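Good morning, colleagues. Please have the sequence and the structure ready, as I shall refer to both throughout this short presentation.

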Amino acid sequence: MKRVVVKVGSAVLTQDGEIALSRMQALVNFLAQLRQKYEVILVSSGAVAGGYTKLKLDRSILANKQALAAIGQPVLMGRYAKKFEKHDIVTAQVLVTAANLNKADDIQRVKNTVETLLENGVIPIVNENDATATDELEVGDNDQLSAYITKHTDSDMLVILSDIDAFYDSDPRKNSDAKVLKVVHTIDEEMLTQEVTPNNVFATGGIVTKLKAAAYLLEDNKEMFLASGFDLSDVKSFMLEGIHKGGTLFTKGE
């Protein structure tokens, strides 16, 4: 059975300072279907946003952001557990830091934990340990984290569900004629050094971090699929039916 990592961003999981429960349920329903075809690992943002629903702190201050993550992580996990329970699926929290992903023995321990969870039918939900991460140590965003997890858990593909529904030949917010690039084999170095422009107050990424994740995986001959997390029809078509309607596939293959 192939193994996939699905990453969902804060822009998808939150709305108006709250966790977007209907979108979370739609995601969980999709993952329950996906699990019939693949082993599934979820990388989920939303801890800081979850914390913000309980305590309104200024997120631009690192200590506040870490405190919000500490409050929000169990909130987020509790919501996931309840929604997966409807499908008789058990979930597990796996918190990692950049330091874990820089040491071979730590990487092996993370991999062993994930392997054991998958073997027992549990969905691992991975997040960066924002409550203890520092500026020097943090992975930076969950796009990069999900790419590292895809590589280090021997997963075949990363699926990123975002407020960005595909990779376009120009910025669709500025150019109404922008066209979706359905299949991408290489990424220009120039694209990877652009300024990061997240659309959401809780997000840390943007298209640039997604392209960096894709470039990292292409180097390792792994694939990445980018699609909307608001409307899951494209990812369902691609992953469940093998029909590529929308979204972008980053692949070395022809």
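Where is Asp 154 found? Asp 154 sits in the loop between α6 and β7, the latter spanning residues 157-162. Please bear in mind that we are looking at a predicted model. The backbone at Asp 154 deserves a remark: its phi is near 55°, a positive value in a residue other than glycine. Asp 154 has a relative accessible area of 45%, and it is therefore classed as partly exposed, since that class lies between the 20% and 50% limits.

Asn 221 also has a positive phi, of about 60°, although it is not a glycine. This residue belongs to the loop between α8 and β9. Is Asn 221 buried or exposed? Its relative accessible area is 58%, and because the limit for exposed residues is over 50%, Asn 221 counts as exposed.

Asp 220 is placed in the loop between α8 (207-219) and β9 (223-228). With a relative accessible area of 32%, Asp 220 is partly exposed. Asp 220 also takes part in a patch of negative charge on the surface, where it gathers with Asp 188, Glu 189, Glu 190 and Glu 219. Why can Asp 220 be admitted to such a patch with a relative accessible area of 32%? Patch residues must have over 30% relative accessible area and no salt bridge, so the 32% of Asp 220 satisfies the requirement on area.

I turn now to charge pairing. In general, side chains of opposite charge can pair when their charged atoms come close. How many salt bridges does a search of the whole structure find? The search finds seven. I shall describe several of them.

One of these joins the side chains of Lys 7 and Asp 143, at 2.9 Å from N to O. Lys 7 lies in strand β1 (residues 3-8) and Asp 143 in helix α6, so this pair ties together parts that are 136 residues apart in sequence. Both Lys 7 and Asp 143 are buried.

Asp 143 has a further partner in Lys 210, with the closest N and O atoms 2.8 Å apart. This pair, too, links distant parts of the chain: Lys 210 is in helix α8 and Asp 143 is in helix α6, 67 residues apart. Lys 210 has 5% relative accessibility and counts as buried. For Asp 143 the relative accessible area is 1%, which is likewise buried. Elsewhere, Arg 3, Glu 39 and Glu 115 are joined into one network by salt bridges that share partners.

Helix α6 itself covers residues 142-152, and Asn 142 is found in it. What does the side chain of Asn 142 contact? It makes a polar contact with the side chain of Asn 127, at 3.2 Å. Asn 142 has 9% relative accessibility, and because buried means under 20%, it falls in that class.

My last example is a salt bridge between Asp 106 and Arg 109, whose closest N and O atoms are 2.5 Å apart. Both residues lie in helix α5 (residues 104-119), three residues apart, which is about one turn of the helix. Asp 106 is buried, with a relative accessible area of 11%, whereas Arg 109, at 48% relative accessibility, is partly exposed.

Thank you for your attention.

Definitions and conventions. Residues are numbered from 1 along each chain as its sequence is written. This is a predicted model: local features need pLDDT of at least 70, side-chain atom pairs count only at pLDDT 80 or more; totals for chains, interfaces and linings use all residues. Side-chain values use heavy atoms; hydrogens and water are left out. Patches are made of residues with over 30% relative accessible area and no salt bridge: like charges are joined within 9 Å, nonpolar side chains (Val, Leu, Ile, Met, Phe, Trp, Tyr) within 5 Å. Accessible areas come from the Shrake-Rupley method with a 1.4 Å probe; for residues, only the protein chains shown count as cover. A salt bridge is a side-chain nitrogen of Lys or Arg within 4 Å of a carboxyl oxygen of Asp or Glu. Lys and Arg count as positive and Asp and Glu as negative; His and the chain ends are not counted. The place of a charge is taken as NZ of Lys, CZ of Arg, CG of Asp or CD of Glu. Helices (H or I, at least four residues) and strands (E, at least two) are DSSP runs, numbered from the N terminus. Buried means under 20% relative accessible area, exposed over 50%, partly exposed in between (1.4 Å probe, protein chains only). A polar contact is a pair of N or O atoms within 3.5 Å; within protein, one must be able to donate a hydrogen and the other to accept it, and residues adjacent in sequence count only if both atoms are side-chain atoms.
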